[in-house]
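Biologist: I have the viewer open and a list of terms I would like to see justified. Could you take me through them one at a time?

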Amino acid sequence: MTPHPNGTNDVLLFSGAFTSRLPLPFFSGGIQAGVPHEAQNFPGELIDFNERFIRHPDATFYARVDTDALQAVGVMRGDLVVVDRAETPQHGDLVVYYAEGAFRIGAVDFSHKQEGRVLLRQADPAARVFEFQADSFQEWGVVVCSIRRRT
């Protein structure tokens with residue numbers, strides 16, 4: 001993945017085929033660390049990623065994160081995030097938005113909405129904070145899930 005030449009690109013967007021199904025075995029009892037427990041057979045329960053995480057298939061996209069500014073909240077450069085355009089953002093949600101010619105990702109801060117401002121913050125306090133007029137702020141979508149592949 002090549003970063004945007006001026007270093008401003010935070011996410012690269014991709015569409016997905018969220019109507020397909022691929023149910024996989026699911027350990028519903030959880031996996032513990034520490035003292036080993038007796039191995040369990042698959043209990044027969046299945047989970048499907050699309051069914052579990054995709055509420056609005058026609059309004060959902062993937063994005064690859066292209067910033068280091070969210071590491072403190074567990075989102076790393078190269079992670080995939082699932083972005084739902086039909087969700088309404090809540091204070092503190094990670095959202096994808098468009099600013100200065102690039103799609104970006106940040107945590108929405110509505111604490112100044114009474115003053116007519118919406119802020120988009122990164123987890124890194126040294127990163128730039130974007131400020132928008134509350135009546136003109138339009139997020140592109142809400143991050144509903146992040147996925148990291150082992151390298």
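Modeller: Gladly, and please keep in mind that this is a predicted model. Let's start with a charge over a ring: the charged end of Lys113 sits over the ring of Phe110, 5.0 Å from its centre.

Biologist: What makes that count as a charge over a ring?

Modeller: The rule asks for NZ of Lys within 6 Å of the ring centre and within 35 degrees of the ring normal. For Lys113 and Phe110 the distance is 5.0 Å. Arg52 offers another case, as it lies over the face of Phe53 at 5.2 Å from the ring centre.

Biologist: Phe53 caught my eye too. Where does Phe53 lie, and how far along the chain from Phe49?

Modeller: Both Phe49 and Phe53 belong to helix H1, which spans residues 49-53, and they are 4 residues apart, about one turn of the helix.

Biologist: How many aromatic pairs are there by the ring rule?

Modeller: The count comes to 7 aromatic pairs. In one of them, the ring centres of Phe49 and Phe53 are 5.0 Å apart and the planes meet at 40°.

Biologist: Why is the pair of Phe49 and Phe53 called tilted?

Modeller: Rings pair if their centres lie within 6.5 Å, with planes under 30 degrees apart called stacked and over 60 edge-to-face. At 5.0 Å and 40°, Phe49 and Phe53 pair and fall between those limits, so the pair is tilted. Phe132 and Phe137 form a tilted pair as well, with 5.3 Å centre to centre and 50° between the planes. Elsewhere, ring pairs link Phe61, Tyr98, Phe103 and Trp140 into a cluster.

Biologist: Are those paired rings buried or exposed, and how do you know?

Modeller: Buried means under 20% relative accessible area and exposed means over 50%, with partly exposed in between. Phe132 has 17%, so it counts as buried, and Phe137 is buried at 12%. Phe49 has 28% and is partly exposed, as is Phe53 with 31%.

Biologist: And what makes Glu51 exposed?

Modeller: Its relative accessibility is 59%, over the 50% limit, so Glu51 counts as exposed. Glu51 lies in helix H1 too. Its C-alpha atom is 9.3 Å from that of Ser20, 31 residues away along the chain.

Biologist: Let's turn to the strands. What does the secondary structure come to?

Modeller: There is 1 helix and there are 10 strands. From the N terminus on, the order is β-β-β-α-β-β-β-β-β-β-β.

Biologist: In which order do the strands of the sheet stand?

Modeller: The open sheet has 8 strands in the order E1-E4-E5-E10-E6-E7-E8-E9, with antiparallel pairing.

Biologist: Why are E1 and E9 placed at the edges?

Modeller: Strand E1 (11-15) and strand E9 (130-133) each have a single partner strand, so one side of each is left without a neighbour in the sheet. The twist averages 40° from one strand to the next.

Biologist: How do you know that E8 is paired with E9?

Modeller: Pairing requires at least two bridges, and strand E8 (residues 117-121) shares 4 bridges with E9 in the antiparallel sense. Val118 has Phe132 in E9 as its bridge partner. Along E9 the side chains alternate, with Phe130 and Phe132 pointing to one face and buried, while Glu131 and Gln133 point to the other and are not.

Biologist: What makes E5 largely enclosed by the rest of the structure?

Modeller: In E5, 4 of the 5 residues are buried, so the rest of the structure largely encloses that strand. Strand E4 (residues 60-65) runs antiparallel to E5 (residues 80-84) and is joined to it by 5 bridges, with Arg64 opposite Leu80. Another 5 bridges join E5 to E10 (residues 141-147), again antiparallel, and Val81 has Ser146 in E10 as its bridge partner.

Biologist: How does burial look for the protein as a whole?

Modeller: Of its 151 residues, 34% count as buried. The protein exposes about 9,800 Å², with carbon and sulfur atoms supplying 50% of that area.

Technical notes:
Residues numbered from 1 in each chain as written. Predicted model: local features only at pLDDT ≥ 70, side-chain atom pairs only at ≥ 80, totals over all residues. Heavy atoms only, no water. Helix = DSSP H or I, 4+ residues; strand = E, 2+ residues; numbered from the N terminus. Axes fitted to C-alpha atoms, helices over the stretch in contact; angles between N-to-C directions. Phe/Tyr/Trp six-rings, centres within 6.5 Å; stacked < 30°, edge-to-face > 60°. Buried < 20%, exposed > 50% of the residue type's maximum accessible area, 1.4 Å probe, protein only. Areas by Shrake-Rupley, 256 points an atom, 1.4 Å probe, with all protein chains shown as cover.
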